[in-house]
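Student: I am new to this structure and would like a close look at a single part, the place where the ligand sits. Could you take me through the surroundings of the ligand slowly, and then through the backbone and the charged pairs?

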Amino acid sequence: MYRGRRLRATPVSRALIRETSLSVSDLVLPLFVVEGEGICREIPSLPGVFHYSVDRLDGIVEQMRACGVSACLLFGIPDHKDACGSSAYEENGIVQRAMRRLRALWPELYIIGDVCLCEYTDHGHCGLLDGCGHVLNDETLPVLARVAVSYARAGADMVAPSDMMDGHVAAIRAALDEAGFGNVAVMGYSAKYASAFYGPFREAAGSAPSFGDRKSYQMDPANGREALREIAADLDEGADVIMVKPALAYLDVIREASRTFNAPLAAYCVSGEYAMLRLAVDHGVLAESAVWESLLAVKRAGAKIIITYSALDAARRIKEGLL
Ligand code: PBG
């Protein structure tokens with residue numbers, strides 16, 4: 001008779017048969033950078049996550065170094081917004097300045113820049129609008145490409161377009177190559193769903209759409225097979241890394257993508273997933289291990305790169321042998 005408990009009897013036997021483990025090298029920490037000076041301010045919708053001004057990035061870099069998290073995904077919150085998101089590609093834009101500062105603080109840090117317009121447009125949509133408030137696809141592509149090239153100039157190792165415009169990876173790849181940045185990688189937010197789980201992020205980034213929603217560009221949560229098509233398109237266009245986002249409610253999509261494609265797969269454990277677990281833990285409803293269980297599930301489903309607001313805590317636990 002099969003007795004599964006035999007091998008579950010001791011910590012050593014459990015470790016021997018453990019199928020999945022998290023590594024510090026899997027983790028990417030999202031960072032929010034704001035204008036101003038001396039700012040290191042906790043984000044109300046994301047307890048434990050902070051807004052940093054460029055001059056205060058040294059503190060978080062120190063923490064990342066100490067626990068070995070060597071990759072970050074940057075989001076900028078500019079002072080100035082307009083209809084076409086022009087502050088996203090300024091040479092002295094908030095993200096560009098943050099990248100140069102991070103590079104100076106830690107030359108080996110892997111810097112990923114999120115490429116999107118929603119934090120920079122006054123209407124909060126991820127692309128340019130026509131006169132009727134529809135998001136224009138092809139007209140947005142050159143703007144995204146311009147943002148990506150300006151990130152590359154500022155020292156990005158990788159750019160990650162999260163706008164969900166069709167053809168965005170191809171447009172960005174071509175522009176990077178033409179500008180001499182053939183070595184800058186592209187991570188497509190390939191299967192990005194129109195999800196309620198982005199709520200706390202939009203509060204943190206001031207990027208909620210001022211009207212309507214993102215359903216005309218982000219995917220319908222009901223669709224799994226369509227995700228494979230989106231991912232295939234990003235790969236055809238030259239994506240180096242593909243992504244499923246959110247993670248927890250889309251583990252089936254992560255699994256399917258990991259089995260279908262021979263490309264590094266990332267999963268974004270988004271703000272709402274983090275907030276949901278964190279609030280439950282803070283209120284004593286869940287044990288903190290619920291957070292690690294969730295990250296492990298994302299890895300088990302097939303993701304390699306895990307983008308998570310819990311990266312520092314997870315790394316500390318991994319280093320202490322607790323995860
Ligand atoms: C920008 C962007 C969003 C997130 C990452 N890039 C928000 C959105 O699409 O509305 C969400 C990240 C998170 O919730 O943690 N388009």
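Tutor: A word on naming comes before the details: helices and strands here are DSSP runs, with at least four residues for a helix and at least two for a strand, and they are numbered from the N terminus. Please also keep in mind that this is a predicted model.

The ligand sits in the largest cavity, and 18 residues surround it, the closest being Lys192, Arg202, Lys245, Ser271 and Tyr309. Sorted by kind, the shell around the ligand holds ten nonpolar, three polar and five charged residues. Several side chains can be followed to particular ligand atoms: a polar side-chain atom of Tyr309 lies 2.6 Å from an oxygen atom of the ligand, and for Arg214 the corresponding distance from a polar side-chain atom to a ligand oxygen is 3.0 Å. In the case of Ser162, an N or O atom of the side chain is 3.4 Å from a nitrogen atom of the ligand. Taken on its own, the ligand has 400 Å² of accessible area, and the protein covers 100% of that area.

Lys245, already named among the closest residues, also leads us to the backbone, where a cis peptide bond joins Lys245 to Pro246 with an omega of about -10 degrees. Pro246 itself is placed in the loop that runs between β8 (241–245) and α8 (251–260). Another loop, between β6 (158–161) and α5 (168–178), contains Met164, a residue that is not a glycine and yet has a positive phi of about 65 degrees. As background to both, most residues other than glycine have a negative phi, and most peptide bonds are trans.

Turning to charged pairs, the count of salt bridges comes to ten. One of them links Glu62 with Arg65, where the closest N and O atoms are 3.9 Å apart, and both residues lie in helix α2 (residues 57–67), three residues apart, which is about one turn of the helix.

How values were computed: Residues are numbered from 1 along each chain as its sequence is written. This is a predicted model: local features need pLDDT of at least 70, side-chain atom pairs count only at pLDDT 80 or more; totals for chains, interfaces and linings use all residues. Side-chain values use heavy atoms; hydrogens and water are left out. A residue is near a molecule or strand if one of its heavy atoms lies within 4 Å of it. A polar contact is a pair of N or O atoms within 3.5 Å; within protein, one must be able to donate a hydrogen and the other to accept it, and residues adjacent in sequence count only if both atoms are side-chain atoms. Accessible areas come from the Shrake-Rupley method with a 1.4 Å probe; for residues, only the protein chains shown count as cover. On a 1 Å grid over the protein atoms alone, a cavity is a set of points where a 1.4 Å probe fits but cannot get out, and a pocket is an open set with protein on both sides within 12 Å along at least five of seven lines; lining residues have an atom within 4 Å of a point. A molecule sits in a cavity or pocket if more than half of its atoms lie within 2 Å of its grid points. Ala, Val, Leu, Ile, Met, Phe, Trp, Tyr, Cys and Pro count as nonpolar, Asp, Glu, Lys and Arg as charged, and the others, Gly among them, as polar. A salt bridge is a side-chain nitrogen of Lys or Arg within 4 Å of a carboxyl oxygen of Asp or Glu.
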